[in-house]
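Reader: Could you walk me through this model, one question at a time?

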Amino acid sequence: FKKLFVPSNDTLEKLKNRGFTNLEIFPRGVDCQLYHPNYQKEVVFNQYGISKKFLLTYVGRLAPEKDLKTLMNIANSLPPEINKQVHWLIAGDGPLLEELQMAALPNMTFTGYLKGVGLAEVYSATDLFIFPSPTETFGNVVLEALASGTPVIGANAGGVKHIISNGVTGHLCVP
């Protein structure tokens, strides 16, 4: 008797529709000893030289499937009165790093790959986590942000749509 474990309801439904049987969701979670909202925001602001009122963050691989073009469009389309109050922190590495850095706004900082306490501090200091990726089978970074007390704006797709409670823990957008 064999089971096929999948990361999300979305993946489960897609596989069921293709005739797969004996599927079960593999439960996921985060370390709430590490990811929590109680870090000192000033530590992150000082480390990255942030002087703006609000911090918007993306964490993940810097790759085409994450739809970072949408993230850059959002950053570029903020009204000036909002943009002057916002700092963007982009945490991650990948094939789009150089291209994104060349297109970066003055209020955008690239941290490179983060993990451990450094990553947890960033989530905790963040006012709004932006995650445009429409291809996630689960989206663990969304869970980490939420565990850190940070609301998430994400694509209404894949596993992310089952993590974000629209209007409660964040907002789901058309991918």
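Reader: Thanks! Which strand is threonine 57 found in?

Author: Happy to help, and some ground rules come first. This is a predicted model, where local features need pLDDT of at least 70 and side-chain atom pairs count only at pLDDT 80 or more, while totals for chains, interfaces and linings use all residues. Residues are numbered from 1 along each chain as its sequence is written, and side-chain values use heavy atoms, leaving out hydrogens and water. With strands being DSSP runs of E with at least two residues, and helices runs of H or I with at least four, both numbered from the N terminus, threonine 57 belongs to residues 54-59, strand S3.

Reader: Is threonine 57 buried or exposed?

Author: The classes rest on relative accessible area: buried is under 20%, exposed is over 50%, and partly exposed is in between (1.4 Å probe, protein chains only). Threonine 57 has a value of 0%, so the residue is buried.

Reader: Which residue has a side chain joined to that of threonine 57 by a polar contact?

Author: Contact means heavy atoms within 4.5 Å. Leaving aside neighbours within four places in sequence, threonine 57 is in contact with residues including Leu89, Val122 and Thr126. A polar contact asks for a pair of N or O atoms within 3.5 Å; within protein, one must be able to donate a hydrogen and the other to accept it, and residues adjacent in sequence count only if both atoms are side-chain atoms. At 2.7 Å, the side-chain partner is threonine 126.

Reader: How many aromatic pairs does the structure hold?

Author: Rings of Phe, Tyr and Trp (its six-membered ring) pair if their centres lie within 6.5 Å; planes under 30 degrees apart are stacked, over 60 edge-to-face, and the rest tilted. By that rule, the number of pairs is five.

Reader: What kind of pair do phenylalanine 5 and phenylalanine 26 make?

Author: Phenylalanine 5 lies in strand S1 and phenylalanine 26 in the loop between strand S2 and helix H2, so the pair ties together parts that are 21 residues apart in sequence. Phenylalanine 5 is partly exposed at 46%, and phenylalanine 26 is partly exposed at 47%. Their ring centres are 6.4 Å apart and their planes are at 85°, so the pair is edge-to-face.

Reader: And what is the angle between the planes of tyrosine 123 and phenylalanine 129?

Author: Both tyrosine 123 and phenylalanine 129 are buried, and they belong to one aromatic cluster with Tyr35, Tyr58 and Phe131. Their pair is tilted, with 5.7 Å centre to centre and an angle of 55°.
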